[in-house]
Amino acid sequence: MESGSLLPHSLPCSPVRRTPRYLHRAGVRPLPRISRHVRPADEAVEAVRAGATLLLLDDAPCHQNGRYWIDPHLCLAAIDTALKKAEPGNGNLRRRAGIVLRSGAIRTLHDLVLACGFGADAVSPYLLFAT
């Protein structure tokens, strides 16, 4: 890999795919447990190990194809923490990749500052610009 090259990797902010069939038939739509939210973090760690230098956390595909929305701040904090803890002996993986958060849930300056505090290197609040 050349110095200065950019290898992007997109991560969905909606790790839960479908409601179990028996619950769906009964009309029950349970909230996903927090333990299921580690999937984007695990995917981020693997992507950085494979050479990704930019992680794009995007909530645009939420509520499509049976996916649920979860707060982007929660995903962002989980990914940032997982990258920091991935390889403690060799320096953390967080220094190897930047995280860009593209979210419609960022609507105020407070949300923007929280995203930066939770580990985002850049934020694109697309619904804020649309209004």
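Q: Before I look at any detail, what is pLDDT, and where is confidence lowest and highest in the chain?
A: pLDDT is the predictor's confidence in each residue, from 0 to 100. You need it here since this is a predicted model. Confidence in the chain is lowest in helix H1 (residues 21-25), with a mean of 51, and highest in H4, at 94. Averaged over the chain, pLDDT is 75, and 66% of the residues score at least 70.

Q: Which stretches should I read with the lowest scores in mind, those with pLDDT below 50 or under 50?
A: Two stretches belong here. Residues 14-20 have a pLDDT below 50, and the model gives this stretch 24 contacts beyond near neighbours in sequence. Over residues 28-38 pLDDT also stays under 50, and there the model has 16 contacts beyond four places in sequence.

Q: Let's turn to the strands. How do I read the pairing of S2 and S3?
A: Look at the bridges between them and at their direction. Strand S2 (residues 54-58) is joined to S3 by 5 bridges, and the two run parallel. To find one of these on screen, start at Leu56: its bridge partner in S3 is Val100.

Q: How many bridges join S3 to strand S4?
A: There are 3, and S3 and S4 (residues 122-124) run parallel. Here you can follow Arg102, whose bridge partner in S4 is Ser124. Along the chain, S3, helix H4 (residues 109-117) and S4 make a β-α-β unit, and this unit is right-handed.

Q: Why is strand S3 described as largely enclosed by the rest of the structure?
A: The reason lies in burial, which here means under 20% relative accessible area. In S3 (residues 98-102), 4 of the 5 residues are buried, so the rest of the structure largely encloses this strand.

Q: What should I look for in a nonpolar core, and which residues touch the most other members here?
A: The general idea is that in soluble globular proteins, nonpolar side chains tend to be buried together. In this model the largest nonpolar core has 21 residues, and those touching the most other members are Leu55, Leu76, Ile79, Leu83 and Leu101. H2, S2, H3 and S3 each supply at least two residues of this core. Try selecting Leu76: leaving aside residues up to four places away in sequence, it touches Leu57, Ile99, Leu101, Ala115, Phe118, Gly119 and Ala120.

Q: How many salt bridges does a search of the whole structure find?
A: It finds 5. As background, side chains of opposite charge can pair when their charged atoms come close. One example joins the side chains of Arg49 and Glu46, at 3.4 Å from N to O. Arg49 and Glu46 are 3 residues apart in helix H2 (residues 38-49), so about one helical turn separates them. Arg49 counts as partly exposed because its relative accessibility is 42%, and Glu46 is partly exposed at 47%.

Q: Which residues are linked in a network of salt bridges?
A: They are Asp80, Lys84, Arg94 and Asp121. Within it, the side chains of Arg94 and Asp80 meet at 2.6 Å, N to O. This pair links distant parts of the chain, 14 residues apart: Arg94 is in the loop between helix H3 (72-85) and S3, while Asp80 is in helix H3. Arg94 also forms a salt bridge with Asp121, where the closest N and O atoms are 3.1 Å apart. Asp121 lies in the loop between H4 and S4, 27 residues from Arg94.

Q: Is Arg94 buried or exposed?
A: Arg94 counts as buried because its relative accessibility is 11%. Asp80 is buried too.

How values were computed: Residues numbered from 1 in each chain as written. Predicted model: local features only at pLDDT ≥ 70, side-chain atom pairs only at ≥ 80, totals over all residues. Heavy atoms only, no water. Buried < 20%, exposed > 50% of the residue type's maximum accessible area, 1.4 Å probe, protein only. Pairing = 2+ DSSP bridges. Right-handed = clockwise from strand over helix to strand, strands pointing away. Salt bridge = Lys/Arg side-chain N within 4 Å of Asp/Glu carboxyl O. Core = buried A, V, L, I, M, F, W, Y, C linked by side-chain atoms within 4.5 Å. Contact = heavy atoms within 4.5 Å.
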